[in-house]
Amino acid sequence: MKFPNGPQTPAVLQMLRWIANPMSFMEACAKSYGEIFTLRLDKNLPPMVIISNPLAQQQILTNDTKELEAPGDLNQLFEPLLGKHSVITISGAEHQRQRQLLMPPFHGERMRNYSQVITDVTKQVISQYQIGKPFNIRSATQAITMRVIMQAVFGLHEGPRAEKLQQFLGALLEKASSRLNVALLYFPALQRDFGPINFWGKQMRLQQEADELIYEEIRERREQGDSSRTDILSLLMAARDEAGQPMTDEELRDELMTLLVAGHETTATALAWALYWIHKIPSVRQKLLQELDSLGDNPEPSTVFKLPYLNAVCSETLRIYPVAILTFPRVVRTPLSLGGYELEPGTVLIGSIYLTHHREDIYPEPKQFKPERFLERQFSPYEYLPFGGGARRCIGLAFAQLEMKLALAKILSSLELELVDNGEVRLKRRGLVTGPDRPIEMVVTSQRQMKSPILQTTTV
Ligand code: HEM
C-alpha cells in the first residue's frame with residue numbers, strides 16, 4: 001500500500017519520540033514532509049497518516065460513514081480506563097445510538113441548570129485560597145471541574161461516596177497521565193505483573209475501587225427509582241433502546257467513566273492555561289477585567305457567555321495549547337483522493353489539531369497568545385477545531401465552554417491573582433491529552449473590589 005511520505009526511522013524510535021513529545025515530533029515531520037505525512041509507531045499497528053490542511057480536515061471530518069469511518073476499535077488505548085461500551089470505544093450504529101442518548105443533557109435548557117452549579121462550585125473552591133499563600137492553579141481548576149462534573153453527571157453533591165469517588169478518580173487520572181503509563185498503553189505487553197514493580201496492577205486496583213463506588217450508586221438508584229432526578233445518570237438509566245431494553249450496569253459504568261474522565265481533566269487544563277495567559281500578559285487581563293466589570297454585580301450567565309473578549313481569550317487558549325492535539329482516527333473504506341494522494345481502503349487518518357492551530361498562514365505568529373485574532377476574523381470549523389468535528393465531535397463542547405467562561409468570570413472578579421514566577425510554561429503530553437510542562441503556581445494578592453461600571457464609562 002502506498003502512503004504519504006514520513007520518517008523512515010525504525011518504528012520503535014518513532015514511538016519513543018511520539019510518547020516523549022508528540023508536538024515537536026509532528027512539527028519536525030510537517031517541516032520535512034508537509035501537511036500530510038505518515039508515522040509508523042509500531043510494526044503491529046497500521047501506519048497513521050497525519051493531516052493538518054484545513055480542506056483535508058474538512059474532507060475527513062464531514063465524510064463519516066461513506067468513504068471514511070471513525071471506528072471505536074481504533075481507540076483501544078482508552079479501553080483499559082473507559083471500558084468496551086464507552087461511546088469512545090464503540091462504532092457504527094451502536095455509536096450513533098449512544099451519542100443520541102448522551103447528547104440531550106449537554107444542550108439547550110439543561111445547560112442553564114449547570115450555570116449555577118459552576119458558579120457556586122468555583123466560589124467554594126476559591127474561598128479556600130489564602131492571601132499570600134502560593135497554590136498550584138491546575139489543582140484548583142481540577143477541584144472545580146471534578147465537583148462540577150460529579151454534580152452534573154451523578155447529581156452527587158456531597159457525602160462520603162462522592163468524596164471517595166473524587167479521590168479515586170483524581171488518583172487514577174494522575175497515574176494515567178504519567179509517561180510510564182502512556183508507554184504501558186502503547187506497549188500492552190508491559191501490562192504484565194512484574195511483582196513489586198507492577199505499575200499497571202496499581203492502576204487497575206484504583207480503577208476497581210472507583211468502579212465499585214459507581215456500581216453501588218447505580219444499584220442504589222435502581223432501588224430508589226426516583227423519576228424526578230435530572231442528572232445524566234438518571235437520564236441514562238431511564239433511556240430505552242428500540243427493543244425497549246435499558247442500558248446494562250456495565251454500559252452505564254463505561255459511559256459514566258467516559259463523561260467523568262473526558263469532562264474533568266480536559267476542562268481543568270484549559271482553565272489553568274487561560275489563567276496562566278491572562279496573568280502572563282497584563283494587557284489581556286486589563287481588557288478582560290474591563291469587559292467583566294462593565295456587567296456589574298452578579299451578571300446573568302448567558303450575558304457572561306456572550307462576552308466577546310472573554311470568548312476570544314478562551315478560544316485563543318484552546319488554539320495555542322489544545323488539550324487534545326489529535327482528532328480520533330478515521331479509516332478509509334473506499335479509495336479516496338486526499339492532498340494529492342490516492343489512499344487505499346484500510347488507511348488510518350488522523351487530524352492534527354495542534355499542527356492546524358499552529359499554521360502560520362492561518363494564524364500569523366502562531367506561537368504568540370493573541371486573543372484579538374478571534375475578534376478580527378472568523379475561522380472555519382476546519383481551521384479551528386479544539387473539539388474535533390464530524391461524527392465524533394466532542395459531546396461536551398458547549399458544557400466545557402460554559403464552564404471555562406463562568407469559572408473565569410467568577411475567579412477574575414473575586415480575586416487579584418499573580419503568577420509566582422514569570423517563566424515560560426510549555427505544552428507537554430499528559431497521558432492521552434496535554435498539559436503544562438511544570439506546575440503553574442499562583443498567589444492571591446487581595447480580594448478584588450469590582451470597579452463601578454459607571455466610573456468606568458466616565459473614565460474611558
Ligand atoms: C476543553 C475541554 C474539552 C476539549 C478540548 C475536548 C476535546 C475533544 C476532542 C478533540 C474530541 C474528539 C473529537 C473528534 O475526534 O472529532 C472529544 C470527544 C469527546 N468528548 Fe470532549 N473535550 C472537552 C471537554 C469535554 C467534556 C466537558 C465532556 C463531557 C462532559 C466531553 C466528552 C467527550 C466525549 C464523550 C467524546 C467522544 C465523542 C465520540 O466518540 O462520539 N469532552 N473531545
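# A tour from the ligand outward

By class, the shell around the ligand consists of 15 nonpolar, nine polar and three charged residues. The model on screen is predicted, and the tour starts at this shell.

**Stop 1: the ligand shell**

Select the ligand and the 27 residues around it; A262, G263, G388, C394 and G396 come nearest. Next, colour α12 (249-280) and α18 (397-414), each of which supplies at least two residues of the shell. Which helix gives the largest share of the shell? That is α12, with seven residues.

**Stop 2: helix α15**

Move to helix α15, residues 308-320. Its 13 residues, at 1.5 Å a residue, should span 18 Å, and the end C-alpha atoms are 18 Å apart, so the expected and modelled spans agree. Show the side chains of L310, A312, V313, C314, E316, T317, L318 and R319, which are the buried residues of α15. Which helices do the buried residues of α15 pack against? Add α12, α13 (282-293), α14 (301-305), α16 (353-357), α17 (373-376) and α18 to the selection to see these partners. Two of them, α12 and α18, were coloured at the ligand, where each supplies at least two shell residues.

**Stop 3: the three-strand sheet**

Select β4, β12 and β9, an open sheet in the order β4-β12-β9 with antiparallel pairing. The edges are β4 (135-136) and β9 (415-419); each has a single partner strand, so one side of each is left without a neighbour in the sheet. Strand β12 covers residues 441-447 and is joined to β4 by two bridges. Between β9 and β12, the antiparallel pairing runs over five bridges.

Now label individual partners. N136 has E441 in β12 as its bridge partner, and F135 stands opposite M442 in β12. From the β9 side, L419 also stands opposite M442. M442 can therefore be picked as the residue to centre on, with F135 across from it and L419 across from it as well.**Stop 4: the five-strand sheet**

Select β1, β2, β8, β5 and β3. This open sheet has the order β1-β2-β8-β5-β3, and its pairing is mixed. β1 (36-39) and β3 (68-69) stand at the edges; with a single partner strand each, they have one side left without a neighbour in the sheet. Inside the sheet, strand β5 (residues 330-332) and strand β8 (residues 348-351) pair in the antiparallel sense over two bridges. To view this pair, label R330 and L349, since R330 stands opposite L349 in β8.

**Stop 5: two residues in helices**

Go to E220 in helix α10 (residues 199-224). Is E220 buried or exposed? With 10 C-beta neighbours inside 10 Å, E220 counts as exposed. Draw a distance from E220 to V323: the two are 103 residues apart along the chain, and their C-alpha atoms are separated by 35 Å.

Then pick S413, in helix α18. S413 has 19 C-beta neighbours inside 10 Å and counts as partly exposed; the cut-off for buried is 20 or more. A second distance, from S413 to L271, gives 15 Å between C-alpha atoms for residues 142 positions apart along the chain.

**Stop 6: two loop residues with positive phi**

Select N298, in the loop between α13 and α14. N298 has a positive phi of about 45° although it is not a glycine. With 8 other C-beta atoms within 10 Å, N298 is exposed.

Continue to E365, in the loop between α16 and α17. Here phi is also positive, about 50°, and E365 is not a glycine. E365 is exposed, with 9 other C-beta atoms within 10 Å.

**Stop 7: the whole chain**

Zoom out and show the protein chain as a cartoon. Its secondary structure comes to 19 helices and 12 strands. Taken along the principal axes, the C-alpha atoms fill a box of roughly 70 × 60 × 50 Å. A compact globule of 460 residues would have a radius of gyration near 23 Å, and the chain has 22 Å, which agrees.

Colour the chain by burial to finish: buried residues make up 39% of the 460 residues. For a contact map, consider the contacts with a separation of 6 or more; residues 24 or more positions apart account for 73% of them.

Definitions and conventions. Residues numbered from 1 in each chain as written. Predicted model: local features only at pLDDT ≥ 70, side-chain atom pairs only at ≥ 80, totals over all residues. Near = placed C-beta within 6 Å. Helix = DSSP H or I, 4+ residues; strand = E, 2+ residues; numbered from the N terminus. Nonpolar A, V, L, I, M, F, W, Y, C, P; charged D, E, K, R; others polar. Expected span 1.5 Å × (residues − 1). Buried ≥ 20, exposed ≤ 12 C-beta atoms within 10 Å, placed from the backbone. Contact = placed C-beta atoms within 7 Å. Rg over C-alpha atoms; globule rule 2.2 N^0.38 Å. Pairing = 2+ DSSP bridges.
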